[in-house]
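Welcome! Take a moment to look over the model, and then let us walk through a few of its parts together.

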Amino acid sequence: MKNGSHKPAINAHLGELPPARPGSVAFFANLQYIFFDNQALTDELRATVHTLDSYGGRLLPALGLLWDGPDNILILERPPLPGFHEYLTHSLGLRLPHLLFCGIDDAITPEIENAVRNSPGCFIDGFVTDERLAHLAETTDTPLAGTVDGSHRGNNKYLLHHFLEENGEPIFDTIDAANPDGIAPAGAALAKQGYHHIVIKAAVGASGIGLVRANANNPPPIPAHYFFDGPCLVQGWIDDTLDDITKVTSPSVQFLITEESVHLYDLTDQILSVDSVHEGNIAPPEPPLEPAVSEELLRQAKLTALWLHAQGYRGTGSTDFHLAFHNDGNVDIRICEINARVTGATYPSLLARHFQKGGSWLMRNLLLSDPMESRNVFDQLSQADLLYTPGRKSGVLPVNFNSTPDGLVAKGQFLILGPNHQSLHETMSRTLHQKNLHFTRD
């Protein structure tokens, strides 16, 4: 093992909130550093997601569920819109962190350094643990929640793929490409195996960045920065256009890794765009998975969680799967990737399992065709008897809002809670048909 020989205890209790980590945290929710030192990938992400500076607000309601200390700090790029603090504290009873702010291109301020330095029992964490956070930890004499190497290795798709291959686990047909010139020959070789399309994966990527789906016989030029962290994986793309495949799905197991334990606490189904970009999650998967399939997902998730622990990674994440259903009823179960960080499913899952043990939840991005003030969104949901409050069987829990330049809500992340899938879809339908909100799916 890379970081010690002991194996952590594994706790697989799907639908239950994992225990909070002891201590407080200063969490840097700044996506500028999600790709470590690969600035070109960050620029791609920022060009794709125009409201990236409000992404970190999703951590506001969930951070107190991850760390049990009294002095959590959340460093954001911009303040949450009005209405959130009152709703999350007064209506939901959540314990919110102290907020500090640091713009994307700004250096860490003396105020942030002093806040970290003066917080007893505090750890430093972020979407990834990079050299910038390591420098702050050294400057303030504050421990990191994980390690730079563990975070970097844990997010490396190339390392994960070859670990699975060496251990005889199900994998995609894959050819390594050491540089851009290797993509076309790899695609041609996979085309000879019967694949119409390939997917090209940079070793480190996220949110669809660093991943390209292409015609196997005519892949586009791949930029050099995709090879920043080593070879790209070129893999045969499996979908229902291939013979004998009736459908594919992408479930995901949510986990929390600490020094002594691994907690597998939720099983979701990812909602993906045609380009395989994450748009939301539903839990449990719909339709329900066969018990044997769920058991195999957990077996593979446990294996990869132990691998992550051995790399030195500590924190939340997800193991994403690819399920290919055949005409004869057989199902191929393969791991797509591990996301060793707070993901798009982390915060809704934590909130859902905090407010209801078991049950169902749905997280979706919703657009407002007519942007409005944030307090008005809360008021309209409340007046329609849709706004979730503790004790309700179902409802809509706004998690975060993305704003227009003049501070109006243009888009939000909304968590729908309910006892079963039917209640989720009924609540979603009611939400989409509100006359004064004009929601549309993203």
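A residue is called exposed when its relative accessible area is over 50%, and buried when that value is under 20%. Please keep in mind that this is a predicted model.

**Helix 8**

With those cut-offs in hand, we can start with helix 8, where Pro185 and Lys192 are exposed. Opposite them lie the buried residues of this helix: Ile183, Ala186, Gly187, Leu190 and Ala191. Why do these five belong to the same side of helix 8? They span an arc of only 140° around the axis, so they share one side of the helix. Among the elements that cover them are strand 6 (174–177), strand 7 (197–206) and strand 9 (232–236). Just past the end of helix 8, Gly194 adopts a positive phi of about 105°.

One residue of helix 8 deserves a closer look. Ala188 sits within this helix, which runs over residues 183–192. Is Ala188 buried, exposed or partly exposed? Its relative accessible area is 30%, and because that value falls between the two cut-offs of 20% and 50%, Ala188 counts as partly exposed. Leaving aside residues up to four places away in sequence, Ala188 touches Ala216 and Asn217. Its C-alpha atom is also 8.3 Å from that of Asn218, although 30 residues separate Ala188 and Asn218 along the chain.

**Helix 11**

Helix 11 can be read in a similar way. Its buried residues are Ser374, Val377, Phe378, Gln380 and Leu381. They occupy an arc of only 165° around the axis, and therefore lie on the same side of helix 11. Their cover includes helix 3 (84–91), along with strand 16 (360–372), strand 17 (395–403), strand 18 (409–418) and strand 19 (439–441). Right after helix 11 comes Asp385, with a positive phi of about 60°.

Here are the two helices next to each other:

| Helix | Arc of the buried residues | Positive phi just after the helix |
|---|---|---|
| Helix 8 | 140° | Gly194, about 105° |
| Helix 11 | 165° | Asp385, about 60° |

**A pocket**

Our last stop is an open space in the model. Rolling a probe the size of a water molecule over the atoms reveals where empty space is left. How much volume does the second largest pocket have? The value is about 160 Å³. Its lining is made up of Leu14, Gly15, Asp266, Leu267, Pro284, Pro285, Pro288, Leu289, Ser294, Arg353 and Gly359. By kind, the lining residues of this pocket are six nonpolar, three polar and two charged.

Terms used: Residues are numbered from 1 along each chain as its sequence is written. This is a predicted model: local features need pLDDT of at least 70, side-chain atom pairs count only at pLDDT 80 or more; totals for chains, interfaces and linings use all residues. Side-chain values use heavy atoms; hydrogens and water are left out. Buried means under 20% relative accessible area, exposed over 50%, partly exposed in between (1.4 Å probe, protein chains only). Helices (H or I, at least four residues) and strands (E, at least two) are DSSP runs, numbered from the N terminus. The arc is that of the directions from the helix axis to the C-beta atoms. Contact means heavy atoms within 4.5 Å. On a 1 Å grid over the protein atoms alone, a cavity is a set of points where a 1.4 Å probe fits but cannot get out, and a pocket is an open set with protein on both sides within 12 Å along at least five of seven lines; lining residues have an atom within 4 Å of a point. Grid points are joined across faces, edges and corners, and a volume is the space filled by probe spheres set on the points. Ala, Val, Leu, Ile, Met, Phe, Trp, Tyr, Cys and Pro count as nonpolar, Asp, Glu, Lys and Arg as charged, and the others, Gly among them, as polar.
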